[in-house]
Structure formats: structure tokens, C-alpha cells
Amino acid sequence: MSAPVKGGERRRKIPGTNGHTAGKDPAEGRVSRVSGATTDSPGRPGLTPPPDAGPPVRHPAAPAPGEPLGAHYDLCFGCGGGQPHGLHVRSYAGEGVTVTAEFTVQPAHQGAPGLAHGGILVSALDETLGSVNWLLQAIAVTGRLETDFVRPVPVGTTLHLRAECTAVAGRKIYSSAVGRIGSPDGPVAVRADAVFIRVKVEHFTKNGRPDEVKVAMTDPDARKVARAFEVNP
Ligand SMILES: CCCCCCCCCCCCCC(=O)SCCNC(=O)CCNC(=O)[C@H](O)C(C)(C)COP(=O)(O)OP(=O)(O)OC[C@H]1O[C@@H](n2cnc3c(N)ncnc32)[C@H](O)[C@@H]1OP(=O)(O)O
């Protein structure tokens, strides 16, 4: 069954998850949910896995739970250590096909005075959701991402993020994430549902700028991921 939510959209429970709404916080228990296509966009691919979707399978070579995932690219706005304007999100492999991450809101991330800009929070969610694909050893890009902003996030806050892959169907990878204020058990500030689409490494070499592509391709970690993709298409 699905429950009506704001804006006429409906959020559906992923099979195998509890989908509970325990606690007084209406955002609790929604990490494993994905939303259906909006009623005003018929024919648009949605965030609900199709009937032939299967559970995600953690790759045998995935980093062990607790292991830092590092940056996939040094100049990435989300995770790159060499990106001075970036978010510097730190991600860690979790159990199953899950990832935890931390992101501290800096003064440069403000929208309203003293509060994080919504787009910055979406970027932190996107980065964390994208990190989950590393546990599948899949190279994938964000196709669609829907975000609920539940609470304002003040500058100086460390957002504790958790993302999990919920289903895979062909090239489509369905994931959900939640971000909590101050601690992994803190109040929910943001949550998101997304579908990532697996791509070949040519997606980057053909579409990216040659200078940056050259740097990325000579990074030993990036090559490791590219190789994994070639043997696990
Ligand atoms: C150098 C190497 C380094 C590597 C480092 C790793 C970097 C990682 C970076 C991570 C950074 C962080 C993350 C970032 O920020 S990634 C940056 C933000 N994302 C992008 O730039 C992606 C831009 N979009 C595209 O390039 C194309 O549209 C893609 C590749 C996504 C699909 O175009 P393509 O022509 O390939 O595929 P297709 O159209 O045949 O569709 C295939 C299937 O997918 C389904 N579908 C498609 N779109 C959507 C959608 N919007 N919602 C739901 N579903 C969608 C579609 O229905 C179909 O399903 P089915 O019919 O099979 O059932």
C-alpha cells in the first residue's frame, strides 16, 4: 500500500523493508522508501523499481564495513580532497549495500543567513548515494534524485548521512538516503530517493573535458573502478 504525501505524490514501501513510522518525527523510518512517478508526469521514468527488479548484490571485492571509501576523483565537488570549494564528504562502507557519510556545513555553504543552502544538501545526498555504487562495483550517474527537506541545517552542523541501495533492474540502481543532524541518531534533516544509471567509462571520456579526463584516468583508484566495470558489465 502507498501513503499519500505532499504535492499529490505517493511514496511506496520497498518490499523487504519495514517502512515503519515509529517515533514522533514524521521523517523517521522513511530511509528505505522510494517514491512513485509524479501523477503530473505520465510516461516519465520514476523512482519505483519495476516488477523485474532484484535485490542489490554486494560485490565480493567491495570494501569491508567501516572502511573509508575515499574520493572517486580528487577534484570532485562532493568528495575530492583537492577541491577547495568542495563539500569534502567522507564516506564509509556499511553492512550490506549501505554507506555512511559525514559532511560539515561551512560558512561558504549558506543559503539563508546561518543555514545550509538546499542545493548543497542535495549535493551531499547525491555524493553519498553515488558512493553506494562502489559497493556494487558499478560506474553509474544520477538519473533522478528527489529530496525532502525536513529541517533547516545550521552552519557548523555535521550531517550524518546513510544511504542504501534498495533494488537493481538492468542498468538502473535504486537507492535512498537520509541525513541526520549532529549524530547518526539525530533528528532527520533531509532524505532522498534516487535512481542511478550504469554507464560505460566512455560516458566520461567522451563527454568530459580532455584535461580533467586525463587526470582522472591516471588516478590509480579510478582505473581500479574502470577495470571492475569492464569485467562486470
Ligand atoms: C574516468 C573514470 C572515472 C569514473 C569515476 C566514477 C564517477 C562517478 C560520478 C558520481 C558523481 C555523483 C553522481 C552525479 O552527480 S552524476 C552527474 C549527474 N548526472 C548526469 O550528468 C547524468 C546525465 N544523464 C545522462 O548522461 C543520461 O541521461 C543517462 C546516462 C542517465 C541515461 O542515458 P542512456 O542513453 O545511457 O540510457 P537510456 O536513456 O537508454 O536509459 C537507460 C535506462 O535508464 C532509465 N533512465 C534514464 N534516465 C532516467 C531518469 N532520469 N530517471 C529514471 N530512469 C531513467 C531509462 O528509462 C532506461 O530504463 P529501461 O528502459 O532500461 O528500463
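Begin by selecting L161, which touches T100, A101, F103, A124, L125, T128, A177 and G179, leaving aside residues up to four places away in sequence; touching here means that the two C-beta atoms, placed from the backbone, lie within 7 Å. What you have open is a predicted model, in which local features need pLDDT of at least 70 and side-chain atom pairs count only at pLDDT 80 or more, while totals for chains, interfaces and linings use all residues. Residues are numbered from 1 along each chain as its sequence is written.

Next, add A124, L125 and I173 to the selection, since together with L161 they touch the most other members of the largest nonpolar core, which has 43 residues. Such a core is a set of buried Ala, Val, Leu, Ile, Met, Phe, Trp, Tyr and Cys residues joined through C-beta atoms within 7 Å, where buried means that 20 or more other C-beta atoms lie within 10 Å of the residue's own. Colour α1, which gives the most to this core, with eight residues.

Now move to the ligand, which is surrounded by 24 residues, the closest being P45, G130, V141, G143 and R144; a residue counts as near if its C-beta atom, placed from the backbone, lies within 6 Å. Select β6 (140–149), the strand that gives the most to this shell, with four residues; strands are DSSP runs (E, at least two residues), numbered from the N terminus.

Finally, select R44, in the loop between β3 (33–35) and β4 (90–93). R44 is exposed because it has 9 other C-beta atoms within 10 Å, and exposed means 12 or fewer.
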